[in-house]
Amino acid sequence: MIVKPKDNGKVLNNPGMGWFLAYYTDNVDTGFGVRLKDGDTLNWFPGCNGVSFRIGWGRVEPQEGKYNWDYTDKIAQKWIAAGKQVGFNWIVFSTAGTPPSTPVWLRDKGAKGREYSGNKHFVPNWDDPVFMQEFDSFLKEAGRRYNGKPY
């Protein structure tokens, strides 16, 4: 049997796939999302199913064990209310952004690494045990907050 589907001219909106807006990129507040009008969740853009945040761990945990989830949640809520999905990309090194993508307290706690020339951002050694333990703790906390949510 040969199937010949007909194009109905409608956009295929495939949940879990499609276009995602990179709201924050490289740990800076000047990503693509800040260019939108307040409340615009791109419902007018066919196939845009969500938003992603590429932000530094240091923005969310500026002090050890103290989390600032408001940074992403206040914007994510608008997208969630519009039935969109939300993705988080936690980064630990970017040459842009303030605060640095890796929390300053990590270096003070003894993590090995170096300062990136020019802006003094700390870059941890990826295999440093202090870095690995603390980043793992952060990811577990993020998982507790967001895991199992339909968005």
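**Salt bridges, fold and buried sites in a predicted model**

User: In this predicted model, how far apart are the closest N and O atoms of Asp-38 and Lys-78?

Analyst: Asp-38 and Lys-78 form a salt bridge in the predicted model. A pair counts as a salt bridge when a side-chain nitrogen of Lys or Arg is within 4 Å of a carboxyl oxygen of Asp or Glu. For Asp-38 and Lys-78 the closest N and O atoms are separated by 2.7 Å.

User: How many residues apart in sequence are the parts that the pair Asp-38 and Lys-78 ties together?

Analyst: Asp-38 sits in the loop between β1 (19–24) and β2 (48–56), whereas Lys-78 belongs to helix α2 (residues 70–81). The pair therefore ties together parts whose separation in sequence is 40 residues.

User: Is Asp-38 buried or exposed?

Analyst: The cut-off for an exposed residue is over 50% relative accessible area. Asp-38 has a relative accessibility of 71%. Its partner Lys-78, at 36%, is partly exposed. Asp-38 itself counts as exposed.

User: Which residue forms a salt bridge with Glu-115?

Analyst: Glu-115 is partly exposed, at 40% relative accessible area. The partner is partly exposed as well, at 28% relative accessibility. The closest N and O atoms of this salt bridge are 2.8 Å apart, and the partner of Glu-115 is Arg-107.

User: By about how many helical turns are Arg-144 and Glu-141 separated?

Analyst: The side chains of Arg-144 and Glu-141 meet in a salt bridge, with 2.8 Å from N to O. Arg-144 is exposed at 59% relative accessibility, while Glu-141 is partly exposed at 23%. Both lie in helix α4 (residues 129–146), three residues apart, so their separation is about one helical turn.

User: Which residues are joined into one network by salt bridges that share partners?

Analyst: The structure holds seven salt bridges. Some salt bridges share partners, and the network they build consists of Glu-64, Lys-109 and Glu-134.

User: What pattern does the chain follow when read along the sequence?

Analyst: The secondary structure comes to four helices and five strands. Taken in sequence order, these elements give β-β-α-α-β-α-β-β-α.

User: What is the radius of gyration of the chain, and how does the globule rule bear on it?

Analyst: For 151 residues the globule rule gives 15 Å. The C-alpha atoms fill a box of roughly 65 × 40 × 30 Å along the principal axes. The chain is well over the value from the rule, so it is more spread out than a compact globule, with a radius of gyration of 19 Å.

User: Among contacts between residues at least 6 apart in sequence, what percentage join residues at least 24 apart?

Analyst: Buried residues make up 37% of the 151 residues in the chain. Of the contacts in the chain between residues at least 6 apart in sequence, the share joining residues at least 24 apart is 69%.

User: What percentage of the accessible surface belongs to carbon and sulfur atoms?

Analyst: The accessible surface of the chain is about 9,500 Å². The part that belongs to carbon and sulfur atoms is 53%.

User: How far apart are the mean positions of the positive and negative charges?

Analyst: The chain carries 20 positive and 16 negative charges. The distance between their mean positions is 7 Å.

User: What is phi of Leu-42 near?

Analyst: Leu-42 lies in the loop between β1 and β2, and is buried at 8% relative accessible area. Its phi is positive although the residue is not glycine, with a value near 60 degrees.

User: What distance separates the C-alpha atoms of Cys-48 and Leu-21?

Analyst: Cys-48 is in strand β2 and is buried, with 4% relative accessible area. Leaving aside neighbours within four places in sequence, its contacts are Trp-19, Leu-21, Leu-42, Trp-79 and Lys-84. Cys-48 and Leu-21 are 27 residues apart along the chain, and their C-alpha atoms are separated by 7.4 Å.

User: Where is Ser-52 placed?

Analyst: Ser-52 is buried at 15% relative accessible area. Beyond its neighbours within four places in sequence, Ser-52 is in contact with residues including Phe-20, Tyr-24, Gly-87 and Asn-89. The place of Ser-52 is strand β2.

User: What is the relative accessible area of Thr-102?

Analyst: Thr-102 is found in the loop between β3 (85–91) and α3 (104–108). Not counting residues up to four places away, it touches Gly-58, Val-92, Phe-93, Phe-122 and Pro-124. Thr-102 is buried, with a relative accessible area of 1%.

Terms used:
Residues are numbered from 1 along each chain as its sequence is written. This is a predicted model: local features need pLDDT of at least 70, side-chain atom pairs count only at pLDDT 80 or more; totals for chains, interfaces and linings use all residues. Side-chain values use heavy atoms; hydrogens and water are left out. Helices (H or I, at least four residues) and strands (E, at least two) are DSSP runs, numbered from the N terminus. Buried means under 20% relative accessible area, exposed over 50%, partly exposed in between (1.4 Å probe, protein chains only). The radius of gyration is taken over C-alpha atoms; the globule rule is 2.2 Å times the number of residues to the power 0.38. Contact means heavy atoms within 4.5 Å. Accessible areas come from the Shrake-Rupley method with a 1.4 Å probe; for residues, only the protein chains shown count as cover. Lys and Arg count as positive and Asp and Glu as negative; His and the chain ends are not counted. The place of a charge is taken as NZ of Lys, CZ of Arg, CG of Asp or CD of Glu.
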